[in-house]
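Here's a quick tour for anyone opening this one up for the first time. Have the viewer ready and follow along.

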Amino acid sequence: MRRMEADLIVIGGGMSGLSAATAAAQKDASVIVFEKGGTVGGAANMGMGFFAVESKYQKAQLVNHTVDELFKEFMDYTHWRVNARLVKKLFEQSASTVEWIEDMGVEFLGAFKYFENSNQTWHIVKTPGSNKPAERCASIMVKAMKDTADELGVDFLFYTSVKEIITGDKGQVLGVRAVDQRGEEIEAECSAIIVATGGFGDNPEMIRDRIGLTWGQDLFSFRIPGLKGDGIRMVEAIGGAIDPSMIEVTYTTPGVTNLYKTISETMRQPNLMINLDGKRFMDESIMNNTTFTGNAISVQPKRKAFTIITDSILDEYRAQGHLDYITIHHNIQNVDHWEEQVKAYFSGDTSVADEGLSFLEEDTNKIPNQFFIADSLEELCAQTGINYKNARKTIDEYNSMAGRYDRQFNKHPKYMRELKEGGKWYAAAHYMCGYGTLAGIKTDDELRVLDEDWKPIPGLFGCGTDVCSIFGDSYNFTMPGSTMGFAINSGRLAGMNAIDYIDSDEFVE
Ligand SMILES: Cc1cc2nc3c(=O)[nH]c(=O)nc-3n(C[C@H](O)[C@H](O)[C@H](O)COP(=O)(O)OP(=O)(O)OC[C@H]3O[C@@H](n4cnc5c(N)ncnc54)[C@H](O)[C@@H]3O)c2cc1C
């Protein structure tokens, strides 16, 4: 058994744990980070940027969001069923966090929206030598923060999994037990611990038991290796209170999204969406709010829905020269690669597929076909299992409103594109997806972990996904960058608070 000691131990070196360790080390604390995998940054390595309000970038871009305004909007969105004090602190700290990270040598492209009606809060990291947003660019920030943490003397132990939190007779934390790559046990003593293990996005059993969804059947969320819910279970084991968790919901066409991006993005335009009963159920113009769309799909039969288009709609996109919705992260502008990708999809050729993140979502070999082509609506319904009679009625009604007022859900007339006979019919099946889980460990606004009596467990703090309950029942895509923003800001706060605790009269030896 190897023995170690430090002022602070951080469990998990993802975005939140790395931020916590860096902030604590800046307060002259000795810090050990135990990281199960071989690298820091976790999920953030796949992301692009984070939330901030009243930042210098927003000011320079004449984006006049204020903390007060967005705080109110956020609290209205969550119906005040979240920790308002914590939300306010995170919002107030967010602009200074942008500068904190700049001081580590990171540049930002500016503040971006995620979709037309979202707020402009997404601070996207600049890739050196480029002025374009790039997928995974947040990994540059992760590297810079790791370099800063190294300079400050933070001790990173990779491929080392924490198994247990050790507590004393007053309930205070005393240290952790961990196991390294070679199977050697480590017992590390400390005065405070921060739990930052990223939730349980890679644990289908916990997803089924705690959220009620079956992964691979009605959920195809990202499964980032190692996110098994260790932090939540370790805190539970020492009497920490556990809040309900949820999925950070989006939607996907398994085997297509993130891989055949032209097909995927074309089938995610605000055209007709129906369920297996052949019925329409939403204003499809909200499809760029992936949380709202995932939520709407989650209450349809078999938690499944289909967008349907015809060749005539593809022709309209060709004539227009661009799609209706173009996302920053996928940046598919038009249908130029449609035929090529459709051919490749049906022949199983992945060579023309875009470099994607699908490997984190699904094993494409096991997923049955989710994109369909037919010569008629009837044939399309036979392939997909959609109720033809109802679908025919829905489409006749929908076509009668083409280009005009949508009597059913008031979608903007410009998105009421007619589905015309005479060419091919296309359908894509959509299911709930998600970046992972959110929430679990209960904390107060100082990120102190609470027990069942709502009392802080002395010396125990949490940050990031494990404790992220500020969204209530639905992730807030109208304030883009919010989960990475939560990870960095909660980590930064937890790191500072943990060291303040060690130096305070409240410290329990
Ligand atoms: C594809 C993708 C794109 C995204 N893009 C964005 C974006 O642009 N903006 C945004 O706001 N959000 C984005 N997110 C979400 C955001 O990246 C995450 O919310 C955030 O990074 C979570 O940070 P975390 O520290 O809580 O968890 P993680 O980053 O998941 O880190 C947890 C770490 O803990 C380690 N660990 C687990 N158990 C143990 C253990 N027992 N012992 C030791 N270590 C352990 C894991 O190996 C992991 O490294 C994206 C997510 C994905 C998947």
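**A buried loop residue, and the rest of the picture**

F477 counts as buried, because 23 C-beta neighbours sit inside 10 Å and the cut-off for buried is 20 or more. Keep in mind that this is a predicted model. From F477 we'll move on to the domains, the core, some helices and one more residue.

**More on F477**

- You'll find F477 in the loop between β18 (456-462) and α14.
- F477 and K113 are 364 residues apart along the chain, yet their C-alpha atoms are separated by 9.6 Å.
- Setting aside neighbours within four places in sequence, F477 is in contact with Y114, S118, N289, T290 and T291.

**Helix α9**

- T290, one of the contacts of F477, is also one of the buried residues of helix α9 (residues 290-298).
- The others listed as buried in α9 are F292, T293, G294, A296 and I297.
- The cover over the buried residues of α9 includes β12 (246-252), β14 (304-310) and β16.

**Two domains**

- The domain assignment splits the chain into domain 1 (2-244 + 439-502) and domain 2 (249-434).
- Measure from centre to centre, using C-alpha atoms, and domain 1 and domain 2 lie 34 Å apart.
- Where the two meet, 17 residues of domain 1 are in contact with 20 residues of domain 2.

**The largest nonpolar core**

- As background, nonpolar side chains tend to be buried together in soluble globular proteins.
- Here, the largest nonpolar core has 140 residues, and the ones touching the most other members are L8, I9, V31, I193 and I194.
- Strand β16 (residues 425-438) is the top contributor to this core, giving ten residues.
- Both domain 1 and domain 2 give residues to this core, so it lies between them.
- Want to see who surrounds L8? Not counting residues up to four places away in sequence, L8 touches A24, A29, V31, C190, A192, I194, A498 and I499.

**Helices that cross: α1 and α14**

- The axes of helix α1 (residues 15-25) and helix α14 (residues 482-502) come within 7 Å and cross at roughly 35 degrees.
- This crossing of α1 and α14 is right-handed.
- On the α1 side, the contact is made by M15, S16, G17, S19, A20, A21, T22, A23 and A24.
- On the α14 side, the contact residues include M484, A487, I488, G491, G495, A498 and I499.
- A24 of α1, along with A498 and I499 of α14, takes part in that contact, and A24, A498 and I499 are also touched by L8.

**Helices that cross: α12 and α13**

- Helix α12 (residues 377-384) and helix α13 (residues 388-400) have axes that come within 10 Å and cross at roughly 135 degrees.
- That angle makes α12 oblique to α13.
- As for handedness, α12 passes α13 in a right-handed crossing.
- L377, E378 and C381 of α12 make the contact with Y388, A391, R392 and I395 of α13.

**One more residue: L174**

- L174 lies in strand β9 (residues 173-179).
- L174 is partly exposed, with 18 other C-beta atoms within 10 Å.
- Leaving out neighbours within four places in sequence, L174 is in contact with I166, T167, G168 and E189.
- L174 and T127 are 47 residues apart along the chain, and their C-alpha atoms are separated by 42 Å.

Technical notes. Residues numbered from 1 in each chain as written. Predicted model: local features only at pLDDT ≥ 70, side-chain atom pairs only at ≥ 80, totals over all residues. Helix = DSSP H or I, 4+ residues; strand = E, 2+ residues; numbered from the N terminus. Buried ≥ 20, exposed ≤ 12 C-beta atoms within 10 Å, placed from the backbone. Contact = placed C-beta atoms within 7 Å. Core = buried A, V, L, I, M, F, W, Y, C linked by C-beta atoms within 7 Å. Domains from an automatic or database assignment. Axes fitted to C-alpha atoms, helices over the stretch in contact; angles between N-to-C directions. Parallel < 35°, antiparallel > 145°, perpendicular 65-115°, else oblique. Left-handed = near helix turned anticlockwise from the far one by under 90°.
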